[in-house]
Amino acid sequence: MTEPLLVDRTDAVVTLTLNRPTAMNSLDVALKEALRDTLAELEADKSCRAVVLAGAGGSFSAGQDLREHVQTLESAHPDPLATVRAHYNPIAARLANLPKPVVAAVRGMAAGAGASLAFLADFRIGGPKTRFLMAFAGVGLAADTGASWTLPRLVGHAKAVELLMLAEPVGAEEARRLGLLTRLVDDDEQVLPTAQELAARLAAGPTVAYGAIKRQLSIADAGTLADALAAEAQAQSICGATADHRAATMAFVNKQKPTFEGR
């Protein structure tokens, strides 16, 4: 049986590949559970210092597997969207709060929950064929997998309303202009290698500080200045006690290049 999620480790970078290429990497229960559980494992894995999220074949992910969803609807399930609480919410929370950098290699189409997954990454790399489609309204649904939280932060409230309600595809160039893509490469074949290269660079950096920065921004986005200042004080106490901070400070004073170990 083909594994729905491929896990590849290269040094401190773990690449997670959604592996249902014949179904545009649509998200069925097996894939959702594999992604949810693997992210939980990586959160506690100190040998993993950066994560790449990719899709097999020519697509990133078409979102929810609608063929599977039709079966759920026809089964008279009392809550046909129970998968949101069981799968999508835990996945979104894990990705957003993972205390290490996440880079999405968005090759081809990213639609619905697939696009939402990409928006939860810290960095998104795309190519000429990259497309985003907030497809939820097209099947009579609201947003999920964190899109109502990530989209306004990436593109602003008004544009988020437009993307979610009109459900029109966004091409690569516009996605770069809007901030949906961090970097746009010229060749689709280079999307994954570029994402992995960036992840390797991040993995060699002060990953404790990166995790603290992610927490700070999450708190500041929803809180007051007082909340942000308190989060900054806590983060600096944590980072200031790391071996990375001490070694890097000494390296700077001695005009040397620092080496970070993530501790």
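**Figure 1. Lys255 in the segment after helix H11 of the predicted model.** Lys255 is exposed, with a relative accessible area of 79%; the cut-off for that class is over 50%. The residue belongs to the segment that comes after helix H11 (243–253). Its phi is positive, about 55°, although Lys255 is not a glycine. Most residues other than glycine have a negative phi.

**Figure 2. Ala167 in the loop between helices H6 and H7.** The loop shown joins the view of helix H6 (157–166) to that of helix H7 (172–178), and Ala167 lies between the two. Ala167 is not a glycine, yet has a positive phi of about 50°.

**Figure 3. Helix H1 and the elements that cover its buried residues.** Helix H1 comprises 15 residues, 29–43. At 1.5 Å a residue these should span 21 Å, and the end C-alpha atoms are 21 Å apart, so the expected and modelled spans agree. The buried residues of H1 are Leu31, Lys32, Leu35, Thr38, Leu39 and Leu42. They cover an arc of only 140° around the axis and therefore lie on the same side of H1. Their cover includes three strands, E1 (5–10), E2 (13–18) and E3 (50–55). It also includes the helices H2 (66–74), H3 (83–97) and H4 (113–119).

**Figure 4. Ala34 of helix H1 and its contacts.** Ala34 is found in helix H1. Residues up to four places away in sequence aside, Ala34 touches Pro4 and Leu5. The C-alpha atoms of Ala34 and His87 are 9.8 Å apart, with a separation of 53 residues in sequence.

**Figure 5. His87 and Thr83 of helix H3.** Both residues lie in helix H3. His87 has a relative accessible area of 8% and is therefore buried, the limit being under 20%. Beyond residues up to four places away in sequence, His87 touches Val29, Lys32, Glu33 and Arg36. Thr83 is buried as well, with a relative accessible area of 13%. With residues up to four places away in sequence again left out, Thr83 touches Lys32, Gln64 and Tyr88. Lys32 is thus in contact with His87 and with Thr83, and is itself one of the buried residues of H1.

**Figure 6. Arg94 of helix H3 and its contacts.** Arg94 lies in helix H3 and is partly exposed, with a relative accessible area of 32%. Neighbours within four places in sequence aside, Arg94 is in contact with Leu39, Ala40 and Glu43. Of these, Leu39 is among the buried residues of H1. Arg94 and Asp221 are 127 residues apart in sequence, and their C-alpha atoms are 18 Å apart in space.

**Figure 7. Thr150 of helix H5.** Thr150 is found in helix H5 (residues 147–155). With 3% relative accessibility, the residue counts as buried. Leaving out neighbours within four places in sequence, Thr150 is in contact with Phe119 and Leu120. The C-alpha atoms of Thr150 and Ala118 are separated by 9.8 Å, and the two residues are 32 apart along the chain.

**Figure 8. Helix H8 and the packing of its buried residues.** Helix H8 has 13 residues, 191–203. The expected span at 1.5 Å a residue is 18 Å, which agrees with the 18 Å between its end C-alpha atoms. Buried in H8 are Val191, Thr194, Ala195, Leu198, Ala199, Leu202 and Ala203. These residues pack against the strands E2, E3, E4 (102–106), E6 (123–126) and E8 (183–184), and against helix H9.

**Figure 9. The contact of helices H9 and H10.** The axes of H9 (residues 207–222) and H10 (residues 225–240) come within 9 Å of each other and cross at roughly 170°. The two helices are therefore roughly antiparallel, since angles over 145 degrees fall in that class. From H9 the contact has Val208, Ala209, Ala212, Arg215, Gln216, Ile219 and Ala220. These meet Asp227, Ala228, Ala231, Glu232, Ala235, Ile238 and Cys239 in H10. By class, the contact has 10 nonpolar, 1 polar and 3 charged residues.

Definitions and conventions
Residues numbered from 1 in each chain as written. Predicted model: local features only at pLDDT ≥ 70, side-chain atom pairs only at ≥ 80, totals over all residues. Heavy atoms only, no water. Helix = DSSP H or I, 4+ residues; strand = E, 2+ residues; numbered from the N terminus. Expected span 1.5 Å × (residues − 1). Buried < 20%, exposed > 50% of the residue type's maximum accessible area, 1.4 Å probe, protein only. Arc of directions from axis to C-beta. Contact = heavy atoms within 4.5 Å. Axes fitted to C-alpha atoms, helices over the stretch in contact; angles between N-to-C directions. Parallel < 35°, antiparallel > 145°, perpendicular 65-115°, else oblique. Nonpolar A, V, L, I, M, F, W, Y, C, P; charged D, E, K, R; others polar.
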